[in-house]
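Me: I'm new to reading protein models and I'd like a close look at one part of this one. Could you walk me through a helix and what surrounds it, and start with a spot away from it so I get used to the words?

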Amino acid sequence: MEVAINDIITLFILVLPALVSNASPVVIAKLLNGRMHPIDFGRYFVDGRRILGDGKTWEGLAFGVAVGTLVGAIIGLALGDISYYTLAGLIGSFAALLGDILGSFIKRRYGIERGACVPILDQLDFYTLAVFALWLAGYPVKCSAAVLLGFFVIIAHVTTNYAAYRLDLKPRPC
Ligand code: CTP
Ligand code: MG
């Protein structure tokens, strides 16, 4: 599997807004001091467990998409193609947060409580969907580059979440 460094850099630039968007909800959660509205409206699934749980809120979703889109616009401004990168930011961020929501849905179905760590799923749910959505939208996503960048994302996610935990932004480091 030959991976061109250019493909990795291209993908990194495209997916960067999605990575930032995934890390943003925790900030708005801190600012709003937990006064948030769960996406599942507090409802329960047929298995008697919460559909998503209190860790997935409308405020977090909206803030994450807004921040990710803004990051895309800034990248576009720097690289001279605002609409191309803003759209990548919007698509990538929305898909990333959707992937994160899907991850929570899966965790709840296995009876795993909100905030509990599930290695790999926690690190890759958002990234996988973001990369897939960007590819679907026609952005240049090479499979080999996506896999290699995935390893970087795992390390970056573990590191930033541990930092957020130490900074008292999260009660658990994942
Ligand atoms: N968050 C949010 N809305 C989202 C995503 C995240 O409000 N759509 C906030 C919540 O305060 C959440 C925090 O960001 O607790 C950290 O996100 P994450 O680690 O994804 O959620 P967890 O609390 O770990 O919940 P889960 O087990 O469902 O992933
Ligand atoms: Mg978590």
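Reply: Let's warm up with Asp168, which is exposed because its relative accessible area is 55%, and anything over 50% gets that label. Keep in mind that you're looking at a predicted model. You'll find Asp168 in the segment after H6. Its phi is positive, about 70 degrees, even though Asp168 is not a glycine.

Phe41 makes a good companion to that. This one sits in the loop between helix H2 (25-31) and H3. Phi of Phe41 is positive too, near 55 degrees, and Phe41 is a residue other than glycine. With 54% relative accessibility, Phe41 counts as exposed.

Now for the part I'd pick for your close look: helix H1.

Start with Ala18, whose place is in helix H1. Is Ala18 buried or exposed? Its relative accessible area is 1%, so Ala18 is buried, the cut-off being under 20%. If you skip its neighbours within four places in sequence, Ala18 is in contact with Gly92, Ser93, Ala96 and Ala130. You can also try a distance on screen: Ala18 and Ala164 are 146 residues apart in sequence, and from C-alpha to C-alpha they are 18 Å apart in space.

Next, zoom out to the nonpolar residues. The largest nonpolar core has 22 residues, and Leu11, Val15, Tyr127 and Leu134 are those with the most contacts inside it. Which elements give two or more residues to this core? They are helix H1 (5-23), helix H3 (58-79), helix H4 (82-109), helix H5 (121-136) and helix H6 (143-166). H1 gives the most to this core, with 6 residues. Apart from this core lies another one, of 6 residues, and among them are Ile39, Leu52, Val65 and Leu97.

Let's go back to Val15 for a moment. Not counting residues up to four places away in sequence, Val15 touches Tyr127, Ala130, Val131, Leu134 and Leu149.

That takes us to how H1 and H5 meet. Their axes come within 10 Å and cross at roughly 135 degrees. H1 and H5 are therefore oblique to each other, and their crossing is right-handed. On the H1 side, the contact has Leu11, Leu14, Val15, Ala18, Leu19 and Asn22, and these meet Phe126, Tyr127, Ala130, Val131 and Leu134 in H5. Sorted by class, the residues of the contact of H1 with H5 are 10 nonpolar, 1 polar and no charged.

While you're looking at H5, click on Gln123, which lies in that helix. Gln123 has a relative accessible area of 8%, so this residue is buried. Leaving aside its neighbours within four places in sequence, Gln123 is in contact with Val118, Val153, Ile154, His157 and Val158. Gln123 and Cys174 are 51 residues apart in sequence, yet their C-alpha atoms are 8.6 Å apart in space.

Now turn to H1 and H3. Here the axes come within 7 Å and cross at roughly 150 degrees. That makes H1 roughly antiparallel to H3, since over 145 degrees is what earns that description. H1 passes H3 in a right-handed crossing. From H1, the contact uses Ile13, Leu16, Pro17, Val20 and Ser21, and from H3 it uses Gly64, Val67, Gly68, Val71, Gly72, Ile75 and Leu79. By class, the contact of H1 with H3 has 8 nonpolar, 4 polar and no charged residues.

One step further out, H3 also packs with H4. Their axes are 7 Å apart, and the angle is about 150 degrees. H3 and H4 are therefore roughly antiparallel to each other, with a right-handed crossing. H3 brings residues including Leu61, Gly64, Val65, Gly68 and Gly72 to this contact, and those from H4 include Ile82, Tyr85, Gly89, Leu90, Ser93 and Leu97. The contact of H3 with H4 has 12 nonpolar, 8 polar and no charged residues.

To pull the close look together: H1 gives 6 residues to the largest core, lies oblique to H5 and runs roughly antiparallel to H3. Ala18 and Val15 of H1 both appear in the contact with H5, and Ala18 also touches Gly92, Ser93 and Ala96.

Note on methods: Residues numbered from 1 in each chain as written. Chains lettered and ligands numbered in written order. Predicted model: local features only at pLDDT ≥ 70, side-chain atom pairs only at ≥ 80, totals over all residues. Heavy atoms only, no water. Core = buried A, V, L, I, M, F, W, Y, C linked by side-chain atoms within 4.5 Å. Buried < 20%, exposed > 50% of the residue type's maximum accessible area, 1.4 Å probe, protein only. Helix = DSSP H or I, 4+ residues; strand = E, 2+ residues; numbered from the N terminus. Contact = heavy atoms within 4.5 Å. Axes fitted to C-alpha atoms, helices over the stretch in contact; angles between N-to-C directions. Parallel < 35°, antiparallel > 145°, perpendicular 65-115°, else oblique. Left-handed = near helix turned anticlockwise from the far one by under 90°. Nonpolar A, V, L, I, M, F, W, Y, C, P; charged D, E, K, R; others polar.
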